[in-house]
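Here are my notes on this model, set out as numbered points. Please read them beside the sequence and the structure.

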Amino acid sequence: MSENPYSTAVLAWYEDNARDLPWRAPDASPWAVLVSEIMLQQTPVVRVLPAWHAWLARWPTPDALAADAAGEAVRMWNRLGYPRRALNLHACAKAIVARHGGAVPTAHADLLALPGVGTYTAAAVASFAFGQRHAILDTNVRRVLARAETGIEYPPKTPAKAETRLAESLLPERPDVAARWGVAVMELGALVCTARSPKCADCPILDRCAWVLAGRPAYDGPPRRGQTYAGTDRQVRGRLLAVLRAAPGPVAKPALDAAWDEAVQRERALDALVADGLVDPLDDGQYALPG
DNA sequence: GACACGTGGAT
DNA sequence: TATCCAAGTGT
């Protein structure tokens, strides 16, 4: 069963410490898993939980969502962030109905072809929903491998080929074990091997961690620049979309103008929202969430 | 490959 | 208060 130096310890740790997340329940549908993965992109679990429950209560299947307007998805998305994910999920539902008879596809390539589904999400759904053998390489796993294998505190900003090869080399042979391994390493990164203040005392592979064995050297790579948010187009887009979400129907231009003082930036943000399909300019000059 | 893309809790 | 960070993707 120990197919890589860590698997036995990590799998045993997961057995005892895994969070009881609803999308991990045995009866969670592939659609429920896909919805969770899209929502979890760059978004903490605690904020996804209520949104996920509400979403699936309203749209328990791809057919249900595909039958509704895209704007309803954007409205339901509320303040989860990166609202184009709501559009992506709606487009996923449409594509799943059109191309796959309403069932979430099982093939990695078919998953990858869905809007908003990239390398990570396709692997995650194939693995977690369908028990297939795929390398899972999200921010948690990258951090665990950077520390345990490479001996550095943080992985490079953009994933390197070497990281993918490493993750694949550690993959257990049996698909069911590989799937379990993937979620277990992710959970280890989320709960123990955290970005700040890792709980090394609780780590099941502490005695094999290259970073710990090297004396936990401080990160010395290039500064990982954090993005300021106040005053950016992103903030303006958020303000504008919040006005649209709060309104029961189409909104007149002055209502949007009130959301941001600086006209040039406001118009640029609005144009971008329209270009992204998040806002629909009506013939009468009003604006609405997309039909 | 760098950058844009939301939001809010923790430190 | 400012910065960091959270199951990434598309361009």
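What share of the contacts in chain A with a separation of 6 or more comes from residues 24 or more positions apart?

1. Such residues account for 61% of those contacts, where contact means heavy atoms within 4.5 Å.

2. This is a predicted model, in which local features need pLDDT of at least 70 and side-chain atom pairs count only at pLDDT 80 or more, while totals for chains, interfaces and linings use all residues. Residues are numbered from 1 along each chain as its sequence is written, chains are lettered from A and ligands numbered from 1 in the order in which they are written, and side-chain values use heavy atoms, with hydrogens and water left out.

3. Chain A has 15 helices and 2 strands; these are DSSP runs numbered from the N terminus, with helices (H or I) of at least four residues and strands (E) of at least two. Along the principal axes, the C-alpha atoms of chain A fill a box of roughly 65 × 45 × 30 Å. Of the 291 residues in chain A, 42% are buried, that is, under 20% relative accessible area with a 1.4 Å probe and protein chains only.

4. The chain is divided into domain 1 (29-128) and domain 2 (233-288), with bounds from an automatic or database domain assignment. Their C-alpha centres lie 25 Å apart. In the contacts between them, 8 residues of domain 1 meet 10 residues of domain 2.

5. UniProt, in an unreviewed entry, lists residues 39-191 as "domain: HhH-GPD"; the positions are given in the numbering used here, the feature name is shortened, and annotations may be inferred rather than shown by experiment. The span is 65% helix and 0% strand, and its end C-alpha atoms lie 19 Å apart.

6. The largest nonpolar core has 53 residues. Such a core is a set of buried Ala, Val, Leu, Ile, Met, Phe, Trp, Tyr and Cys residues joined through side-chain atoms within 4.5 Å. Trp31, Val35, Met39, Trp52, Trp55, Trp77 and Leu240 have the most contacts inside this core. Elements giving two or more residues to it include α2 (30-40), α3 (45-58) and α13 (233-246). Domain 1 and domain 2 both contribute residues, so this core lies between them.

7. Trp52 is in contact with Pro22, Trp23, Ala32, Val35, Ser36 and Met39, leaving aside neighbours within four places in sequence. A second, separate core of 27 residues includes Ile136, Ala184, Leu188 and Cys203.

8. Around DNA strand B there are 17 residues, the closest being Arg79, Pro83, Arg84, Arg234 and Arg237; a residue counts as near if one of its heavy atoms lies within 4 Å of the strand. Sugar and phosphate make up 56% of the strand B atoms that come within 4 Å of the protein. An N or O atom in the side chain of Arg237 is 2.4 Å from a phosphate oxygen of strand B. A polar backbone atom of Gln42 lies 3.3 Å from a base nitrogen of that strand. The most residues on the surface near strand B, 5, come from α13.

9. DNA strand C is surrounded by 27 residues, and Glu37, Gly116, Gly118, Thr121 and Asn140 are the closest. For this strand, sugar and phosphate account for 67% of the atoms that come within 4 Å of the protein. A side-chain N or O atom of Thr121 is 2.8 Å from a phosphate oxygen of strand C, and one of Arg196 is 3.2 Å from a base oxygen. The elements that give two or more residues to the surface near strand C are α2, α8 and α9 (139-150).

How values were computed: Buried < 20%, exposed > 50% of the residue type's maximum accessible area, 1.4 Å probe, protein only. Polar contact = N/O pair within 3.5 Å; in protein donor to acceptor, adjacent residues only side chain to side chain.
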